Amino acid sequence: MLDPHVPPSRTPRADPSVPTAEQVATLSPPSATTPPAPSSAAEPAGARTLLGTAWLRIRRSRVAVGSLVVVALIVLFAILAPVLSAIEGQDPYTSLTGPDYLDGVDTPGLPLSYYRYPSTDHWLGLEPGLGRDIFARMAYGARISLVIALLSTMVSVFLGTVIGAAAGYFGGKVDMVISRVMDLFLAFPHLLLVLSLTPILQSRLGGTALDSGSLLPVASLVIILGFFGWAYLARVVRGQVLSLREQEFVEAARAYGASRRSIIFRQIIPNVMGVVLVYATMLIPTNITAEAALSFLGVGVKDPTPSWGQILNAAQAGNWYLSDPWFLAVPAGALVITVLAFNLLGDAVRDALDPKSSRH
Amino acid sequence: MTQLLEVTDLTKHFPVRSGAFRSGVGVKAVDRVSFSVDAGQTLGLVGESGCGKSTTGRMLMRLLQPTSGSIRLDGREISELRRSDLQEYRRQVQMVFQNPSSSLNPRQSVGSAIAAPLLAQRITPRGGVKAAVRDLMDRVGLRPDHYNRFPHEFSGGQKQRVGIARALALNPRLIICDEPVSALDVSVQAQVINLLEDIQRDTGVAYVFIAHDLSVVKHFAHRVAVMYLGRIMEHGETREVFDTPRHPYTQALLSAVPKADPAADRSGRIRLTGDLPSPTDPPSGCVFRSRCQLRPRLDPERAALCADSVPGGTIACHHHTTGM
């Protein structure tokens, strides 16, 4: 903000060297209305208003606004999990079993489930078998699922940006080594590797005897997903940095004696943040799905800790989905809606930040 | 006039790798260039594109490491300086770049771009940086309320003023201007040139002014050096070089300056034939001999001289002393 010591003088200076032509130029509205300057692909046109223009474009797209609203609702759902369960009057861990909760018997005369269908007491019904409240488990599970997805995305984005920037900036042998490591990471069959590594990591971190409700599986998922997601972003960032470091403003920074660290963090990284942001919004749904897949396969979040993948796993594990498809439909539906919303939002952000897309 | 900068036999080779062959072929971008700059004076470095003038400027700024040769500031050799000494040198010598758009970080406000050298060199106490930046902005004709604006909000001329303020921030004794006006409109060029002249009058800063526009150099520079294919062809006082060019390349270059008067006599115009030779394979001896307009008129005995290397001196031609 402007320093209060400086009078907000609007009057042109008396100095005759001040160009009137340029003053006229400053009066013209900012770049949103002026045609973009011819620039190389690496040069981010529009600079700071990039985010402003992007926001405008998002607001004008119905799909973008819709997906943004859905994402916001899901995030609220997760944040307000304790509040919402309190309103419902249930918690995610108490087993409500016994004849009071029986919903009926099937043809051979076995108990089918406990309050399988939504009711005023149990908004999404009760879990078959253990009889826990599905709504409360979905709300608390959303917290775990989103936290894993967001944290692992942050880990990937941080690693990808720093490693990619280092490869692009230092070049030469550093670049060669990092690039080969990236190729290696991209070539690995992720699922197999993660499936085999997660149990190892979990036992290394916390021994075999896991307390029930331990957050260790969550931490290990963050580490594993984060650690395997950086390579693609690093490659993209590397390319950007390769062209950015040849720009004159980087030379100028070297000329006045800026340190390497300052050049990387103050000159180069701010200019790749647009790409990084787009990639991050695309990576979140990938990680939500990955968490669900791993928990579903039994190497992720473990009962009784709820996550959407874990609830799916519970539905599948006891073959409950045969007699009680609703129990499977709730987490599956929530996942589909969430991933779809994040993906659409990611597309919208990419379109909005793309300098090559038409301006409107 | 005290000598500030002395450049002797400065040379830069770039290795060229073609395909699988890692032959020793290199581009001699700059080849044994020598000149000097006096304190408070301007040296114009002119030549067509690709002649090595920007490479020379970047070596002076130590953005490129010279292959060989010496650069002396106040008699002190700087081509081998390391870290802390180099940091000290960068306070003495600064640079203004050609493209005002790409020389400013699009994500950095103008104020913080000008403050950056002060912070990097830690010469101004943190509390005084803002005031120092405002002072610099005032000196280059930017308004204080431009402080928090971003480069894309400015015209080319204003951006170049920001670049000049940034170069001035460290109060250097020499500024290397790498074609500072060639990306600007003609009307804005004059304003920026006037600004540079005002600054020189006020601070006594010296310039190495790299340009391909001869009329700008003629107006602005005290001395001028003409480069061709990485070498200096002619070097002398601006008035002398422009009034009585003695090297055939300088003559051709000057005769190519457009004349505003349509009735002007153009018969004296020298048209060079042929293409610029490849810098990977320049002609032996005098590099200009493949295009020299003088050579066809020389008798064979003297023309043969051109294949010998040209002796050092202010005019790199075998024949200038003997006239044409």
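Trainee: In the hairpin of β9(B) and β10(B), how many residues lie between the strands, and which residue takes a positive phi?

Mentor: Two residues lie between the strands of this hairpin, and Leu229(B) takes a positive phi near 50°. This is a predicted model, in which local features need pLDDT (the predictor's confidence in each residue, from 0 to 100) of at least 70, side-chain atom pairs count only at pLDDT 80 or more, and totals for chains, interfaces and linings use all residues. Residues are numbered from 1 along each chain as its sequence is written, while chains are lettered from A and ligands numbered from 1 in the order in which they are written.

Trainee: How do you know that β9(B) and β10(B) pair, and in which sense?

Mentor: Strands are DSSP runs of E of at least two residues, as helices are runs of H or I of at least four, numbered from the N terminus. Two strands pair if DSSP finds at least two bridges between them; β9 (residues 223–228) of chain B and β10(B) have six, in the antiparallel sense, so they qualify as paired. Ala225(B), for instance, stands opposite His235(B) in β10(B).

Trainee: Why is strand β10 (residues 231–237) of chain B called largely enclosed?

Mentor: A residue is buried if 20 or more other C-beta atoms, placed from the backbone, lie within 10 Å of its own, exposed if 12 or fewer, and partly exposed in between. Five of the seven residues of β10(B) are buried, so the strand is largely enclosed by the rest of the structure.

Trainee: What part does β10(B) play where domain 1 of chain B touches domain 2 of chain B?

Mentor: An automatic or database domain assignment divides chain B into domain 1 (3–16 + 26–243) and domain 2 (269–324). Their contact takes 14 residues from domain 1 and 10 from domain 2, where two residues are in contact if their C-beta atoms lie within 7 Å. On the side of domain 1 of chain B, the elements giving two or more residues are β2 (26–38) and β10 of chain B, and β10(B) supplies the largest share, six residues.

Trainee: What makes the largest nonpolar core a core, and why is it said to lie between the two domains of chain B?

Mentor: A nonpolar core is a set of buried Ala, Val, Leu, Ile, Met, Phe, Trp, Tyr and Cys residues joined through C-beta atoms within 7 Å, and the largest such set here has 164 residues, with Phe209(B) and Val226(B) among those with the most contacts inside it. Helix α5 (residues 134–170) of chain A gives the most to this core, 17 residues. Domain 1 and domain 2 of chain B both contribute residues, so the core lies between them.

Trainee: What makes helix α12 (residues 308–317) of chain A mostly covered?

Mentor: Eight of the 10 residues of α12(A) are buried, including Trp308(A) and Ile311(A). What covers the buried residues of α12(A) includes α5, α11 (260–296), α13 (320–323) and α14 (325–353) of chain A.

Trainee: How confident is the predictor in chain A and in chain B?

Mentor: Chain A has a mean pLDDT of 78, with 76% of its residues at 70 or more, whereas chain B averages 88, with 95% scoring at least 70. Over residues 1–48 of chain A the pLDDT stays under 50. Where pLDDT is low, the predicted coordinates should not be read in detail.
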